[in-house]
Amino acid sequence: MTVTAPAFHATDLEPALFAEQTYATRRRRVRLDAALAFGLTICLLTLIPSRLIVPGTSADVGRPGTVVCVVMFCWWAGTRGNPRLAMPGPQPVRWAVLLYLLSMLISYVIGFERGLTPLEANAADRALLAGGAAFIGAILVAADGISNWDRLRVALQVFVWCCVYMSIIGLLQKVLPVNIVEYMTVPGLSNLGVPGYQERGGGLRVAATTTHYLELSATLSLALPIAIHFAKFAATLRSRRRFGVAAFLIVAGILVTISRTGIISVVIAILILMPLWTWRTRYNVIALGMTAVVAMSAVQPSTVRTFYDIFANASDDSSIEVRTERYAMVGYYYSQRPWLGRGTGTWEPPMYQFLDNQWLRTALEAGAVGVVVLAVLHLTALALAGIALRRATDAADRHLCLVLISTQVMALFIAYTFDSLTYTTYSLTLGMLIGVCGAVWRFTHPSREVRTSTPRWFGP
(Lines give C-alpha, C1' and ligand atoms only; values in the text may rest on other atoms or scores of the structure.)
Protein backbone atom coordinates (compact mmCIF):
# COMPACT_ATOMS: atom_id res chain seq x y z
CA MET A 1 0.00 0.00 0.00
CA THR A 2 1.39 3.38 -1.01
CA VAL A 3 1.15 6.19 1.53
CA THR A 4 0.94 9.67 0.03
CA ALA A 5 2.73 12.37 1.97
CA PRO A 6 0.54 15.30 3.01
CA ALA A 7 0.69 18.33 0.79
CA PHE A 8 2.27 21.46 2.26
CA HIS A 9 2.38 24.93 0.85
CA ALA A 10 6.04 25.91 0.81
CA THR A 11 5.43 29.19 2.59
CA ASP A 12 3.36 27.49 5.30
CA LEU A 13 5.93 24.81 6.12
CA GLU A 14 7.03 25.16 9.74
CA PRO A 15 10.78 25.94 9.85
CA ALA A 16 10.98 24.50 13.38
CA LEU A 17 10.75 21.07 11.73
CA PHE A 18 14.24 21.66 10.38
CA ALA A 19 15.92 23.89 12.97
CA GLU A 20 15.14 24.56 16.60
CA GLN A 21 13.84 27.93 17.75
CA THR A 22 12.71 29.15 14.35
CA TYR A 23 9.14 29.96 13.47
CA ALA A 24 7.01 30.74 10.49
CA THR A 25 6.15 34.41 10.50
CA ARG A 26 9.64 35.83 10.95
CA ARG A 27 11.84 33.16 9.34
CA ARG A 28 14.58 33.89 11.87
CA ARG A 29 15.91 32.75 15.22
CA VAL A 30 13.76 33.54 18.22
CA ARG A 31 15.15 36.32 20.39
CA LEU A 32 12.47 38.74 21.52
CA ASP A 33 8.87 38.13 20.55
CA ALA A 34 5.36 38.30 21.98
CA ALA A 35 5.50 34.76 23.35
CA LEU A 36 8.58 35.66 25.36
CA ALA A 37 6.86 38.80 26.64
CA PHE A 38 3.81 36.68 27.51
CA GLY A 39 5.94 34.25 29.53
CA LEU A 40 7.90 37.01 31.25
CA THR A 41 4.72 38.79 32.29
CA ILE A 42 3.16 35.61 33.67
CA CYS A 43 6.31 34.92 35.68
CA LEU A 44 6.34 38.43 37.14
CA LEU A 45 2.65 38.23 38.03
CA THR A 46 2.75 34.82 39.67
CA LEU A 47 6.24 34.27 41.07
CA ILE A 48 6.53 37.66 42.80
CA PRO A 49 4.02 38.31 45.61
CA SER A 50 1.40 40.86 44.65
CA ARG A 51 2.35 43.22 47.49
CA LEU A 52 5.88 43.78 46.15
CA ILE A 53 5.75 46.90 43.99
CA VAL A 54 8.00 49.48 42.39
CA PRO A 55 8.80 52.13 45.04
CA GLY A 56 6.65 55.22 44.86
CA THR A 57 3.77 53.51 43.06
CA SER A 58 0.47 51.95 44.12
CA ALA A 59 -0.52 48.30 44.47
CA ASP A 60 -2.47 48.01 41.21
CA VAL A 61 -0.07 49.81 38.84
CA GLY A 62 3.30 49.28 40.55
CA ARG A 63 3.64 45.52 40.18
CA PRO A 64 6.47 44.55 37.80
CA GLY A 65 4.06 42.47 35.71
CA THR A 66 1.70 45.42 35.32
CA VAL A 67 4.57 47.66 34.28
CA VAL A 68 5.60 45.17 31.60
CA CYS A 69 2.01 45.06 30.28
CA VAL A 70 1.96 48.86 30.01
CA VAL A 71 5.23 48.63 28.07
CA MET A 72 3.60 45.98 25.86
CA PHE A 73 0.78 48.40 25.12
CA CYS A 74 3.32 51.07 24.12
CA TRP A 75 5.17 48.47 22.06
CA TRP A 76 2.01 47.53 20.18
CA ALA A 77 0.98 51.17 19.67
CA GLY A 78 4.46 52.00 18.40
CA THR A 79 4.32 49.25 15.80
CA ARG A 80 0.91 50.47 14.61
CA GLY A 81 2.41 53.89 14.01
CA ASN A 82 4.97 52.45 11.60
CA PRO A 83 3.49 50.81 8.48
CA ARG A 84 6.61 48.67 8.08
CA LEU A 85 6.19 47.15 11.56
CA ALA A 86 2.41 46.80 11.92
CA MET A 87 0.69 43.46 11.37
CA PRO A 88 -1.20 44.03 8.08
CA GLY A 89 -3.83 41.33 8.47
CA PRO A 90 -7.30 41.78 10.02
CA GLN A 91 -7.89 41.02 13.69
CA PRO A 92 -11.44 41.27 15.12
CA VAL A 93 -10.09 41.49 18.67
CA ARG A 94 -8.76 44.96 17.86
CA TRP A 95 -12.28 46.27 17.24
CA ALA A 96 -13.60 44.82 20.50
CA VAL A 97 -10.64 46.34 22.34
CA LEU A 98 -11.27 49.69 20.66
CA LEU A 99 -14.86 49.70 21.92
CA TYR A 100 -13.62 48.78 25.40
CA LEU A 101 -11.04 51.59 25.37
CA LEU A 102 -13.54 54.17 24.10
CA SER A 103 -15.99 53.15 26.82
CA MET A 104 -13.28 53.61 29.47
CA LEU A 105 -12.20 57.00 28.12
CA ILE A 106 -15.75 58.33 27.83
CA SER A 107 -16.59 57.23 31.38
CA TYR A 108 -13.31 58.70 32.58
CA VAL A 109 -14.28 62.10 31.16
CA ILE A 110 -17.83 61.75 32.51
CA GLY A 111 -16.40 61.13 35.97
CA PHE A 112 -14.37 64.33 36.01
CA GLU A 113 -17.34 66.23 34.60
CA ARG A 114 -19.35 64.94 37.59
CA GLY A 115 -16.69 66.11 40.00
CA LEU A 116 -14.44 63.68 41.83
CA THR A 117 -12.91 63.53 45.25
CA PRO A 118 -9.10 63.14 45.38
CA LEU A 119 -9.55 59.44 46.21
CA GLU A 120 -11.81 58.91 43.20
CA ALA A 121 -9.58 60.93 40.87
CA ASN A 122 -6.48 58.93 41.81
CA ALA A 123 -8.43 55.68 41.42
CA ALA A 124 -9.60 56.77 37.96
CA ASP A 125 -6.03 57.47 36.86
CA ARG A 126 -4.85 54.11 38.15
CA ALA A 127 -7.73 52.35 36.40
CA LEU A 128 -6.65 53.83 33.05
CA LEU A 129 -3.17 52.40 33.55
CA ALA A 130 -3.92 48.99 35.11
CA GLY A 131 -7.40 48.31 33.75
CA GLY A 132 -6.81 50.18 30.49
CA ALA A 133 -3.26 50.27 29.12
CA ALA A 134 -1.97 47.13 30.88
CA PHE A 135 -5.06 45.01 30.23
CA ILE A 136 -5.33 46.12 26.61
CA GLY A 137 -1.59 45.70 26.04
CA ALA A 138 -1.82 42.08 27.20
CA ILE A 139 -4.70 41.43 24.79
CA LEU A 140 -3.24 43.08 21.71
CA VAL A 141 0.30 41.76 21.96
CA ALA A 142 -1.02 38.22 22.42
CA ALA A 143 -3.50 38.58 19.54
CA ASP A 144 -1.16 40.21 17.03
CA GLY A 145 2.25 39.14 18.24
CA ILE A 146 2.23 35.40 18.98
CA SER A 147 3.44 33.96 15.75
CA ASN A 148 2.35 30.31 15.52
CA TRP A 149 1.07 27.27 17.37
CA ASP A 150 4.49 26.26 18.68
CA ARG A 151 5.23 29.63 20.25
CA LEU A 152 1.71 29.72 21.68
CA ARG A 153 2.16 26.32 23.31
CA VAL A 154 5.42 27.42 24.91
CA ALA A 155 3.74 30.51 26.40
CA LEU A 156 0.80 28.48 27.72
CA GLN A 157 3.11 25.91 29.25
CA VAL A 158 4.88 28.68 31.14
CA PHE A 159 1.48 29.79 32.43
CA VAL A 160 0.67 26.27 33.64
CA TRP A 161 3.94 25.81 35.55
CA CYS A 162 3.69 29.26 37.10
CA CYS A 163 0.24 28.31 38.38
CA VAL A 164 1.70 25.07 39.75
CA TYR A 165 4.17 27.25 41.66
CA MET A 166 1.30 29.29 43.13
CA SER A 167 -0.53 26.09 44.06
CA ILE A 168 2.51 24.77 45.90
CA ILE A 169 2.87 28.07 47.77
CA GLY A 170 -0.81 27.87 48.72
CA LEU A 171 -0.42 24.27 49.93
CA LEU A 172 2.59 25.26 52.02
CA GLN A 173 0.61 28.12 53.51
CA LYS A 174 -2.05 25.58 54.42
CA VAL A 175 0.23 23.15 56.26
CA LEU A 176 3.08 25.26 57.63
CA PRO A 177 2.79 27.18 60.91
CA VAL A 178 4.15 30.36 59.24
CA ASN A 179 3.15 32.25 56.12
CA ILE A 180 6.12 31.75 53.82
CA VAL A 181 5.03 34.61 51.56
CA GLU A 182 6.04 37.01 54.33
CA TYR A 183 9.65 35.96 53.75
CA MET A 184 9.56 36.34 49.96
CA THR A 185 11.24 39.58 48.94
CA VAL A 186 12.83 41.06 45.82
CA PRO A 187 15.62 43.64 46.17
CA GLY A 188 14.51 47.07 45.02
CA LEU A 189 10.77 46.47 45.45
CA SER A 190 8.65 47.93 48.26
CA ASN A 191 6.55 45.65 50.44
CA LEU A 192 2.97 46.74 51.13
CA GLY A 193 2.38 43.89 53.56
CA VAL A 194 1.09 40.36 53.05
CA PRO A 195 -2.67 39.66 53.17
CA GLY A 196 -3.72 37.76 56.26
CA TYR A 197 -5.42 34.39 56.27
CA GLN A 198 -9.17 34.12 56.20
CA GLU A 199 -11.09 31.26 57.76
CA ARG A 200 -14.11 29.32 56.54
CA GLY A 201 -15.58 26.26 58.22
CA GLY A 202 -12.51 25.83 60.36
CA GLY A 203 -10.18 25.91 57.32
CA LEU A 204 -7.74 28.61 56.25
CA ARG A 205 -8.31 30.23 52.87
CA VAL A 206 -4.93 31.00 51.34
CA ALA A 207 -3.94 33.43 48.58
CA ALA A 208 -0.37 32.27 47.74
CA THR A 209 1.33 35.12 45.84
CA THR A 210 -1.94 36.78 44.81
CA THR A 211 -3.86 39.45 46.69
CA HIS A 212 -6.94 37.43 47.60
CA TYR A 213 -7.96 33.79 47.80
CA LEU A 214 -10.67 34.38 45.17
CA GLU A 215 -8.04 35.75 42.80
CA LEU A 216 -5.91 32.64 43.35
CA SER A 217 -8.90 30.38 42.80
CA ALA A 218 -9.95 32.18 39.61
CA THR A 219 -6.44 32.25 38.11
CA LEU A 220 -5.85 28.56 38.80
CA SER A 221 -9.25 27.77 37.29
CA LEU A 222 -8.16 29.37 34.00
CA ALA A 223 -4.97 27.30 34.05
CA LEU A 224 -6.56 23.91 34.80
CA PRO A 225 -8.08 23.18 31.35
CA ILE A 226 -4.79 24.21 29.75
CA ALA A 227 -2.90 21.78 32.00
CA ILE A 228 -5.36 19.04 31.11
CA HIS A 229 -4.82 19.84 27.42
CA PHE A 230 -1.07 19.28 27.68
CA ALA A 231 -1.59 16.19 29.84
CA LYS A 232 -3.52 14.81 26.87
CA PHE A 233 -1.56 16.22 23.89
CA ALA A 234 2.03 16.90 24.98
CA ALA A 235 4.63 15.50 22.59
CA THR A 236 6.04 12.73 24.81
CA LEU A 237 4.65 10.35 27.41
CA ARG A 238 6.95 11.84 30.05
CA SER A 239 5.65 15.33 29.29
CA ARG A 240 2.05 14.15 29.44
CA ARG A 241 2.67 12.64 32.85
CA ARG A 242 4.30 15.83 34.07
CA PHE A 243 1.32 17.88 33.01
CA GLY A 244 -0.98 15.33 34.64
CA VAL A 245 0.85 16.02 37.91
CA ALA A 246 0.59 19.75 37.17
CA ALA A 247 -3.19 19.44 36.74
CA PHE A 248 -3.42 17.54 40.04
CA LEU A 249 -1.47 20.24 41.88
CA ILE A 250 -3.61 22.99 40.35
CA VAL A 251 -6.78 21.22 41.50
CA ALA A 252 -5.26 20.96 44.98
CA GLY A 253 -4.48 24.67 44.88
CA ILE A 254 -8.08 25.45 43.99
CA LEU A 255 -9.32 23.29 46.85
CA VAL A 256 -7.21 25.07 49.49
CA THR A 257 -8.90 28.35 48.64
CA ILE A 258 -12.22 26.82 49.83
CA SER A 259 -14.04 28.78 47.16
CA ARG A 260 -17.30 28.14 45.33
CA THR A 261 -15.93 30.23 42.48
CA GLY A 262 -13.11 27.80 41.78
CA ILE A 263 -15.22 24.65 42.05
CA ILE A 264 -17.98 25.93 39.79
CA SER A 265 -15.43 27.23 37.27
CA VAL A 266 -13.78 23.81 37.12
CA VAL A 267 -17.15 22.15 36.55
CA ILE A 268 -17.89 24.62 33.73
CA ALA A 269 -14.58 23.84 32.04
CA ILE A 270 -15.04 20.07 32.32
CA LEU A 271 -18.57 20.20 30.91
CA ILE A 272 -17.35 22.22 27.92
CA LEU A 273 -14.36 19.98 27.22
CA MET A 274 -16.07 16.61 27.70
CA PRO A 275 -17.55 16.39 24.16
CA LEU A 276 -14.03 16.13 22.70
CA TRP A 277 -12.80 13.63 25.31
CA THR A 278 -12.74 9.89 25.13
CA TRP A 279 -14.32 7.95 27.96
CA ARG A 280 -10.87 7.12 29.27
CA THR A 281 -10.00 10.81 29.53
CA ARG A 282 -13.27 11.50 31.33
CA TYR A 283 -12.56 8.76 33.87
CA ASN A 284 -9.00 10.03 34.35
CA VAL A 285 -10.16 13.60 35.00
CA ILE A 286 -12.81 12.44 37.48
CA ALA A 287 -10.22 10.27 39.21
CA LEU A 288 -7.84 13.22 39.32
CA GLY A 289 -10.42 15.36 41.09
CA MET A 290 -11.40 12.65 43.56
CA THR A 291 -7.75 11.96 44.38
CA ALA A 292 -7.16 15.64 45.07
CA VAL A 293 -10.17 15.78 47.38
CA VAL A 294 -9.01 12.67 49.27
CA ALA A 295 -5.50 14.07 49.60
CA MET A 296 -6.85 17.37 50.96
CA SER A 297 -9.05 15.46 53.41
CA ALA A 298 -5.98 13.64 54.68
CA VAL A 299 -4.25 16.97 55.30
CA GLN A 300 -7.33 18.61 56.80
CA PRO A 301 -10.22 16.22 57.58
CA SER A 302 -12.80 19.01 57.65
CA THR A 303 -12.25 19.88 53.97
CA VAL A 304 -15.01 17.72 52.50
CA ARG A 305 -17.48 18.86 55.14
CA THR A 306 -16.58 22.50 54.50
CA PHE A 307 -17.19 22.16 50.76
CA TYR A 308 -20.47 20.40 51.40
CA ASP A 309 -21.58 23.22 53.68
CA ILE A 310 -20.69 26.08 51.30
CA PHE A 311 -22.95 24.55 48.64
CA ALA A 312 -25.68 22.88 50.69
CA ASN A 313 -26.07 25.89 53.00
CA ALA A 314 -25.52 28.58 50.38
CA SER A 315 -28.89 30.18 51.21
CA ASP A 316 -27.64 30.83 54.74
CA ASP A 317 -24.16 31.95 53.73
CA SER A 318 -23.40 35.40 55.15
CA SER A 319 -21.21 36.34 52.16
CA ILE A 320 -24.10 35.75 49.76
CA GLU A 321 -26.54 37.58 52.02
CA VAL A 322 -24.25 40.62 52.19
CA ARG A 323 -23.91 40.70 48.40
CA THR A 324 -27.64 40.50 47.78
CA GLU A 325 -28.31 43.19 50.39
CA ARG A 326 -26.16 45.56 48.34
CA TYR A 327 -28.41 45.30 45.28
CA ALA A 328 -30.69 48.09 46.52
CA MET A 329 -27.70 50.38 47.00
CA VAL A 330 -26.37 49.51 43.55
CA GLY A 331 -29.79 50.26 42.03
CA TYR A 332 -29.85 53.66 43.72
CA TYR A 333 -26.46 54.74 42.36
CA TYR A 334 -27.03 53.14 38.97
CA SER A 335 -30.31 55.02 38.46
CA GLN A 336 -28.43 58.32 38.77
CA ARG A 337 -26.18 57.63 35.77
CA PRO A 338 -27.45 54.52 33.98
CA TRP A 339 -25.83 54.86 30.55
CA LEU A 340 -22.22 55.97 30.97
CA GLY A 341 -21.74 55.49 34.70
CA ARG A 342 -20.07 57.49 37.44
CA GLY A 343 -16.57 57.35 36.00
CA THR A 344 -13.91 54.78 35.21
CA GLY A 345 -12.37 53.32 38.37
CA THR A 346 -14.22 55.65 40.71
CA TRP A 347 -16.07 53.00 42.73
CA GLU A 348 -13.18 52.85 45.15
CA PRO A 349 -13.31 51.26 48.62
CA PRO A 350 -13.21 52.34 51.39
CA MET A 351 -15.12 55.34 50.06
CA TYR A 352 -17.69 52.88 48.66
CA GLN A 353 -18.51 49.31 49.62
CA PHE A 354 -16.98 46.23 48.05
CA LEU A 355 -19.46 44.75 45.58
CA ASP A 356 -17.84 41.34 44.90
CA ASN A 357 -19.39 41.48 41.44
CA GLN A 358 -17.49 42.87 38.46
CA TRP A 359 -20.64 43.22 36.37
CA LEU A 360 -22.24 45.47 38.99
CA ARG A 361 -19.05 47.46 39.43
CA THR A 362 -18.78 47.98 35.68
CA ALA A 363 -22.43 49.05 35.58
CA LEU A 364 -21.77 51.72 38.22
CA GLU A 365 -18.47 52.94 36.76
CA ALA A 366 -19.20 52.72 33.01
CA GLY A 367 -22.97 52.30 32.87
CA ALA A 368 -24.99 50.00 30.66
CA VAL A 369 -22.68 50.82 27.75
CA GLY A 370 -19.68 49.58 29.72
CA VAL A 371 -21.41 46.33 30.66
CA VAL A 372 -22.33 45.66 27.02
CA VAL A 373 -18.79 46.46 25.84
CA LEU A 374 -17.22 44.16 28.45
CA ALA A 375 -19.59 41.37 27.43
CA VAL A 376 -18.77 42.01 23.75
CA LEU A 377 -15.05 41.66 24.54
CA HIS A 378 -15.58 38.22 26.08
CA LEU A 379 -18.06 37.11 23.43
CA THR A 380 -15.75 38.22 20.62
CA ALA A 381 -12.94 36.12 22.08
CA LEU A 382 -15.32 33.20 22.53
CA ALA A 383 -16.59 33.50 18.95
CA LEU A 384 -13.09 33.69 17.48
CA ALA A 385 -12.00 30.58 19.39
CA GLY A 386 -15.18 28.88 18.16
CA ILE A 387 -14.40 29.78 14.55
CA ALA A 388 -10.85 28.47 15.01
CA LEU A 389 -12.28 25.25 16.45
CA ARG A 390 -14.42 24.78 13.35
CA ARG A 391 -11.51 25.50 11.01
CA ALA A 392 -8.83 23.44 12.77
CA THR A 393 -8.13 19.96 11.44
CA ASP A 394 -5.57 18.74 13.97
CA ALA A 395 -7.07 17.13 17.10
CA ALA A 396 -4.68 18.95 19.45
CA ASP A 397 -5.46 22.33 17.87
CA ARG A 398 -9.20 21.69 18.09
CA HIS A 399 -8.92 20.75 21.74
CA LEU A 400 -6.85 23.85 22.52
CA CYS A 401 -9.49 26.04 20.84
CA LEU A 402 -12.17 24.43 23.01
CA VAL A 403 -9.98 25.04 26.07
CA LEU A 404 -9.88 28.74 25.18
CA ILE A 405 -13.65 28.76 24.81
CA SER A 406 -13.93 27.30 28.31
CA THR A 407 -11.71 30.06 29.74
CA GLN A 408 -14.03 32.76 28.37
CA VAL A 409 -17.17 31.04 29.67
CA MET A 410 -15.49 30.74 33.06
CA ALA A 411 -14.52 34.41 32.94
CA LEU A 412 -18.14 35.43 32.32
CA PHE A 413 -19.12 33.52 35.48
CA ILE A 414 -16.11 34.59 37.58
CA ALA A 415 -16.93 38.26 36.97
CA TYR A 416 -20.20 37.60 38.81
CA THR A 417 -18.42 36.35 41.94
CA PHE A 418 -15.88 39.10 42.74
CA ASP A 419 -14.42 42.36 41.41
CA SER A 420 -12.24 40.37 39.06
CA LEU A 421 -10.76 43.13 36.90
CA THR A 422 -9.39 45.00 39.92
CA TYR A 423 -6.99 42.13 40.73
CA THR A 424 -4.02 42.30 38.39
CA THR A 425 -2.81 38.67 38.49
CA TYR A 426 -6.19 37.47 37.29
CA SER A 427 -7.11 40.38 35.01
CA LEU A 428 -3.84 40.49 33.07
CA THR A 429 -3.79 36.71 32.73
CA LEU A 430 -7.35 36.90 31.41
CA GLY A 431 -6.31 39.64 28.99
CA MET A 432 -3.62 37.44 27.52
CA LEU A 433 -6.06 34.56 27.08
CA ILE A 434 -8.51 36.89 25.31
CA GLY A 435 -5.67 37.83 22.99
CA VAL A 436 -4.80 34.17 22.43
CA CYS A 437 -8.35 33.60 21.17
CA GLY A 438 -7.61 36.18 18.48
CA ALA A 439 -4.28 34.52 17.74
CA VAL A 440 -5.77 31.06 17.08
CA TRP A 441 -8.37 32.70 14.81
CA ARG A 442 -5.44 34.08 12.83
CA PHE A 443 -3.56 30.76 12.83
CA THR A 444 -6.53 28.95 11.28
CA HIS A 445 -7.56 31.64 8.78
CA PRO A 446 -8.00 30.25 5.24
CA SER A 447 -5.96 33.09 3.75
CA ARG A 448 -2.22 32.55 4.05
CA GLU A 449 -1.67 36.32 4.08
CA VAL A 450 -3.66 36.50 7.32
CA ARG A 451 -2.52 33.21 8.78
CA THR A 452 1.18 34.04 8.44
CA SER A 453 0.81 37.81 8.52
CA THR A 454 4.09 39.55 9.20
CA PRO A 455 5.26 43.16 9.50
CA ARG A 456 6.41 44.47 6.14
CA TRP A 457 9.85 45.05 7.61
CA PHE A 458 10.34 41.29 7.66
CA GLY A 459 8.34 40.58 4.54
CA PRO A 460 9.60 40.05 1.00
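Helices here are DSSP runs of H or I with at least four residues, numbered from the N terminus. With that in hand, you can place I258: look in the loop between helix 7 (237-256) and helix 8 (260-273). Keep in mind that this is a predicted model. Here's a quick tour, from the overall fold down to a few odd spots in the backbone.

**The big picture**

- The protein chain has 16 helices and 4 strands.
- Of its 460 residues, 53% count as buried.
- Take the contacts in the chain between residues at least 6 apart in sequence: 77% of them join residues at least 24 apart.

**What's packed inside**

- The largest nonpolar core holds 111 residues, and the members that touch the most others are F38, Y100, L152, I250 and V440.
- Let's zoom in on L152: leaving aside residues up to four places away in sequence, L152 touches I146, L400, V436, V440 and F443.
- There's also a second, separate core of 6 residues, with V330, W347, Y352 and L364 among them.

**Empty space**

- Rolling a probe the size of a water molecule over the atoms shows where empty space is left.
- In this model, the count comes to 2 cavities of 30 Å³ or more.
- The second largest cavity has a volume of about 30 Å³.
- Its lining is made up of Q358, L374, H378, A411, A415, S420, L421, Y426 and L430.
- Two elements, helix 13 (358-391) and helix 15 (424-443), give two or more residues each to the lining of that second largest cavity.
- Helix 13 gives the most to this lining, with 3 residues.
- Sort the lining of the second largest cavity by class and you get 6 nonpolar residues, 3 polar ones and no charged ones.

**Cysteines**

- How many disulfides does a search of the whole structure find? The search turns up 0.
- Why doesn't C163 bond with the closest cysteine sulfur? That sulfur belongs to C162 and is 7.1 Å from the sulfur of C163, so the two are too far apart for a bond. The cut-off for a disulfide is a pair of cysteine sulfur atoms within 2.5 Å.
- C437 is a similar story: the closest cysteine sulfur is in C401, and at 8.5 Å it is too far for a bond.
- Are these cysteines buried or exposed? C163 counts as buried because its relative accessibility is 0%, and C437 is buried too, also at 0%.

**Odd spots in the backbone**

- Find P349 and P350 in the structure: the peptide bond from P349 to P350 is cis, with omega near 5°. P350 lies in the loop between helix 12 (327-336) and helix 13.
- A208 has a phi near 55°, which is a positive value in a residue other than glycine. You'll find A208 in the loop between strand 4 (203-205) and helix 6 (213-233).
- Buried means under 20% relative accessible area, so A208, at 4%, is buried.
- Now back to I258, where we started: I258 is not a glycine, yet its phi is positive, at about 50°. With a relative accessible area of 5%, I258 is buried.

Conventions
Residues numbered from 1 in each chain as written. Predicted model: local features only at pLDDT ≥ 70, side-chain atom pairs only at ≥ 80, totals over all residues. Heavy atoms only, no water. 1 Å grid on protein atoms, 1.4 Å probe; cavity = no way out; pocket = protein on both sides within 12 Å on 5 of 7 lines; lining within 4 Å. Points joined across faces, edges and corners; volume = space filled by probe spheres on them. Nonpolar A, V, L, I, M, F, W, Y, C, P; charged D, E, K, R; others polar. Buried < 20%, exposed > 50% of the residue type's maximum accessible area, 1.4 Å probe, protein only. Core = buried A, V, L, I, M, F, W, Y, C linked by side-chain atoms within 4.5 Å. Contact = heavy atoms within 4.5 Å.
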